[in-house]
Amino acid sequence: MTSKKSSMFSQLIAGYLLVIATSGFARLAYGVLMPSMQEDLAINYAQAGFLATIISLGFLVISTLIGVLAQKFGIKKIVLAGGFLVTVCLFLLSFAKSYYFVMLIMFLLGAGSSLVFAPLMSLMVTQFANKKGLVLGILLSGVGSGMLLSGIITTNLSDYFPSLGWREIWTIFGIISFIVTILSLFVLKEGENKTNTKNNQNQSISKVYKNVKIIRIGIIYFLVGVGYLIPVLFQSSFMIDSGFSEKIAGNVFALSGLSIIVGSPVFGMISDRIGRKNSLQIASIFCMIAGILPVLNHHLIAFVAASILFPFSLGGFLVLIQSMAAERVSPSLVPAVLGFVSVFYSIGQLIGPSLAGAVIEKFGGIQSAYILASCIFLGTLIITSFVKENEKEEILAVQTNHY
C-alpha cells in the first residue's frame, strides 16, 4: 500500500512538471513573450495571434491521432516523445529569425504538447481511477504553474540580466523541459492494459463518439478553448497599451498562473458538494465578469481582478470538464473520451487567437477581444444549463449494456 502511494506521488510530481514544461512553457509562455517577439520579428497583432493559432493547429492535428499512436506504441512512449519534441522546439526558437520558421516551430510545439497532454491524463487516471479528481487537479495545476513561472522567470531575468532577450528565455525553458522529460522517462509507468478485443473496443469508442451527452461536453470544451487564450495572449499587451510597464504586466501575468493553480483543486472540492453543472455555471459567470472589468476601467485593480477571476475559473473548467468526460464512460474508454473532447478543445484553440487578432485589427483595440471572450463564456453558461447531473448513470448503463 505504501509502495503504491509512493508510486502515485512520484508519478504525479513527474506528470505535474511535464505539464509545466509542455503546456505552461511551450504554449502559454508565448503570451508574456509575445510583445518582445512581435517587436523583434516586426509582426502585427494579427500575425502574432496567428502564431498562437499555429500552436493550436499542431495540437489539434496530433489530438486526432492519439488513439492510434497510443495503441501502436503505448501511452508512455507517446508522452515521452512529446516531451522530447517540445524540448527540441524550445531550443530552436532561440535561433529563429524568420517568421515562417517560427510558424513551423510553433506547429511542432503544439504537436509535442498534444502528445503529452491527453495521454498523460489518461495514463494517470486509469492507474489511479479511485482518485480521479485529485490526479487531474494536480496535473492540470501544472498549466497555471507554467504561467506563474514563465511570468516570474521572464520578469526577473530581464531585471537582473538586461542583455537577455526572448531567445535566451526560450533556451532556459528548453533546458528545464529536457531535465523534466528525462525524469519522466524513469518515473512514469505504462499501466495495465485493461481493454477488451480490438473489435469490441473500436465499437465502444465509436459509440462514445456518437453520444450526444459526450458531444455536449465537447462543445463546452470547444468554447473554453476559443475563449481562454484571449486574455492569456493579450493581457500583457493590453496592460502595456494602457500605460503599464512590462514589469508590472509580467507580474500580473504571473498572478494569473497562481490563480489557475488554486482554481483547479478549489473547483474540484466545490463540485463535490454542489455538482459539476453548478460549478461550471459559476466558472462561466466569473469568466464573463473577468472579460468585462478591464474594458470598463483600465485601472490596475481591474486588471488584477480579471487576472485572478479568469484563470481561477479556467482552472476549474479544465478539471471539471475532463472529470465529467472521464466519469461518463467505463475505465477502458477513458483515453478515448479524453482524446475525443480534447479535439473540441483543440479546434477552439485553433480558432480563438486568430479570431481575437482579427477582431482587434478590425475594431481597433484589445478591449474588443475581451468583450468577445465574455460573449463566448456566456455561451458556455447557456449550454451547461442543458447538462444533467445524472448523465453519468445513463451513459455508464449504455456502456455496460454494450460490453
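Reader: What does partly exposed stand for here, in terms of relative accessible area?
Author: Buried means under 20% relative accessible area and exposed means over 50%, with partly exposed in between. The model under discussion is a predicted one.

Reader: Then why does Asn44 count as partly exposed?
Author: Asn44 has a relative accessibility of 36%, so it counts as partly exposed.

Reader: Where does Asn44 lie?
Author: Asn44 is in the loop between H1 and helix H2 (45-63).

Reader: And which residues is Asn44 in contact with, leaving aside neighbours within four places in sequence?
Author: Asn44 is in contact with Gln38 and Glu361. The C-alpha atom of Asn44 is also separated by 9.1 Å from that of Gly357, although these two residues are 313 residues apart along the chain.

Reader: Turning to the interior, how many residues has the largest nonpolar core?
Author: That core has 117 residues, and Tyr30, Met106, Trp170 and Tyr228 are those with the most contacts inside it. Helix H1 (residues 2-41) supplies the largest share of this core, 16 residues.

Reader: Which residues does Tyr30 touch, not counting those up to four places away in sequence?
Author: Tyr30 touches Met37, Ala48, Leu51, Ala52, Met106, Trp170 and Leu233. Another core, of five residues, lies apart from the largest one; Ile66, Ile78, Ala111 and Leu115 are among its members.

Reader: What about empty space: how many cavities of 30 Å³ or more are there?
Author: The count comes to three cavities of 30 Å³ or more. The largest cavity holds about 70 Å³ of space.

Reader: Which residues line the largest cavity?
Author: Its lining consists of Met147, Pro231, Val232, Gln235, Phe253, Ser256, Ile260, Ala306, Ser307, Phe310, Pro311 and Leu314. Helix H9 (212-241), helix H10 (246-274) and helix H12 (300-327) are the elements that each give two or more residues to this lining.

Reader: Which element gives the most to that lining?
Author: H12 gives the most, with five residues.

Reader: How do the lining residues divide into nonpolar, polar and charged?
Author: Nine are nonpolar, three are polar and none is charged.

Reader: One more topic, helix H14. How far does it reach from its first C-alpha to its last?
Author: Helix H14 (residues 367-384) has 18 residues and reaches 26 Å, close to the 26 Å expected at 1.5 Å a residue.

Reader: Which residues of H14 are buried?
Author: The buried residues of H14 are Ser368, Ala369, Tyr370, Leu372, Ala373, Ser374, Ile376, Phe377, Thr380 and Thr384.

Technical notes:
Residues numbered from 1 in each chain as written. Predicted model: local features only at pLDDT ≥ 70, side-chain atom pairs only at ≥ 80, totals over all residues. Heavy atoms only, no water. 1 Å grid on protein atoms, 1.4 Å probe; cavity = no way out; pocket = protein on both sides within 12 Å on 5 of 7 lines; lining within 4 Å. Points joined across faces, edges and corners; volume = space filled by probe spheres on them. Helix = DSSP H or I, 4+ residues; strand = E, 2+ residues; numbered from the N terminus. Nonpolar A, V, L, I, M, F, W, Y, C, P; charged D, E, K, R; others polar. Expected span 1.5 Å × (residues − 1). Buried < 20%, exposed > 50% of the residue type's maximum accessible area, 1.4 Å probe, protein only. Core = buried A, V, L, I, M, F, W, Y, C linked by side-chain atoms within 4.5 Å. Contact = heavy atoms within 4.5 Å.
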